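User: I should like to learn how to read buried residues and internal cavities in a protein model. Could you guide me?

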Amino acid sequence: WGVAALLAGLPYYFSGTLGVIDSFFHAMSGITTTGFSFIPASRTPYSLALWQALTQWLGGLGFIIFILVLVPTTGKLNQLYTAEGRTEQMTPNIRHTSIIFIKLYLLISAIGVALYIMVGLDLFDSLCYMMAAIATGGFSIYPDSVGGFSSLPVQIVTIIQMLLGSTNFILIYRLIKGNFKAFYKDSETKTMFALIATATILITLSHLSSHTYGSDVFITLRHALFQVISVMSSTGFTSTDINMWSPFCYHILIIVMFCGGGICSTAGGIKLYNIYLLLKSVWWEGQTIFLPKNSVNVKKVQHDGRNIELSYTEIRPIIMYIIAYLLIFVVSATIILVFCNDIQVAYALSASAIGNIGVGPEYINVGAPAVVKLVMILEFWIGRIGVWPILLVVVYE
């Protein structure tokens, strides 16, 4: 991933658009589908606009998925597959699973381009926005992101694309194969829609009480829903200027940032399945307190069409993963805080960076300190491939 970012940054550097560190920052932001950009959208040349969209599209699926289809079959394929934070597969064969991932990704991408063309975008815009939306990246070729179109159909298509990108691809595959039960009964699916509904309602009520968009319920709900899905999917598109939103709404968005999307998806964050298991673990532990001493509390979750029985040994790594994720977030925010002297800015940037969101205060730009940029580059990387691969490099002896 580091080498890929260096190579992906060369067009920005040789075009004279960005310096060395900024080119690496922009490239890593692209291939990790984060979406922080140092290039003003109003001045982005067609070549660079297409290049940054392409880097997000390739990074969304993951470079290793493409490699797994090409390399000879070895006993190391499983290690390569999990090196990008993937913990599930559609079939027992890693190569077959990778091929299915690529076919599914291409199918969803083709549908995305067709939908954008149907709602009035030209082919170039359709390609760029499809790549950014399905990869949940968020690079925009216009200054006002999706909001610049002022088009409800474009926003609806973008919402569909972001939802597809942030949904576990294994569940989408089961749905295409006709297994509807595996999709709508899955704990990850239920968590996703519960999170979207709760956050959207809270933000909508807050806007209505403060009259951010007047008393227009539809407009308020429309912007709230779009931004919640955009942040949950780690895309970072905007339909309105969220800098005018209240601290309460911004706080809700940061919580949604941490949750993220599905496990085998292009989205970042802690992942919805892990969040679900964390909440269930709290519930199970609460039950244990009131149960008789020798009673057995069976821990089951519905996932991928199966009732999975979990033990403490299987739950513990997930809890440790969440703790490590939050520790990295706090340490990074603390380093950023040293330079920006604003705790809200520091925490928003750190949450957005490790969650691969790309939405944050205007503090981060070409003039930001190099240390802040390097810290965020590391967070992009950690957030995209998962915490464990990085920690294994640190503790490996």
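Analyst: The turns below take up cavities and then a few single residues. This is a predicted model, in which local features need pLDDT of at least 70, side-chain atom pairs count only at pLDDT 80 or more, and totals for chains, interfaces and linings use all residues. Residues are numbered from 1 along each chain as its sequence is written, and side-chain values use heavy atoms, with hydrogens and water left out.

User: How many cavities of 30 Å³ or more does the structure hold?

Analyst: Rolling a probe the size of a water molecule over the atoms shows where empty space is left. A cavity is a set of points, on a 1 Å grid over the protein atoms alone, where a 1.4 Å probe fits but cannot get out. The structure holds two of 30 Å³ or more, and the largest has about 40 Å³ of space.

User: Which residues line the largest cavity?

Analyst: Lining residues have an atom within 4 Å of a point. Among them are Ser166, Phe183, Glu188 and Met192.

User: Is His26 buried or exposed?

Analyst: Buried means under 20% relative accessible area, exposed over 50%, and partly exposed in between, using a 1.4 Å probe and protein chains only. His26 has 0% relative accessibility, so it counts as buried. Leaving aside neighbours within four places in sequence, His26 is in contact (heavy atoms within 4.5 Å) with residues including Tyr12, Phe36 and Phe139.

User: What is the phi of Thr33?

Analyst: Thr33 has a positive phi of about 60° although it is not a glycine. Thr33 is also buried, at 0% relative accessibility.

Key
On a 1 Å grid over the protein atoms alone, a cavity is a set of points where a 1.4 Å probe fits but cannot get out, and a pocket is an open set with protein on both sides within 12 Å along at least five of seven lines; lining residues have an atom within 4 Å of a point. Grid points are joined across faces, edges and corners, and a volume is the space filled by probe spheres set on the points.
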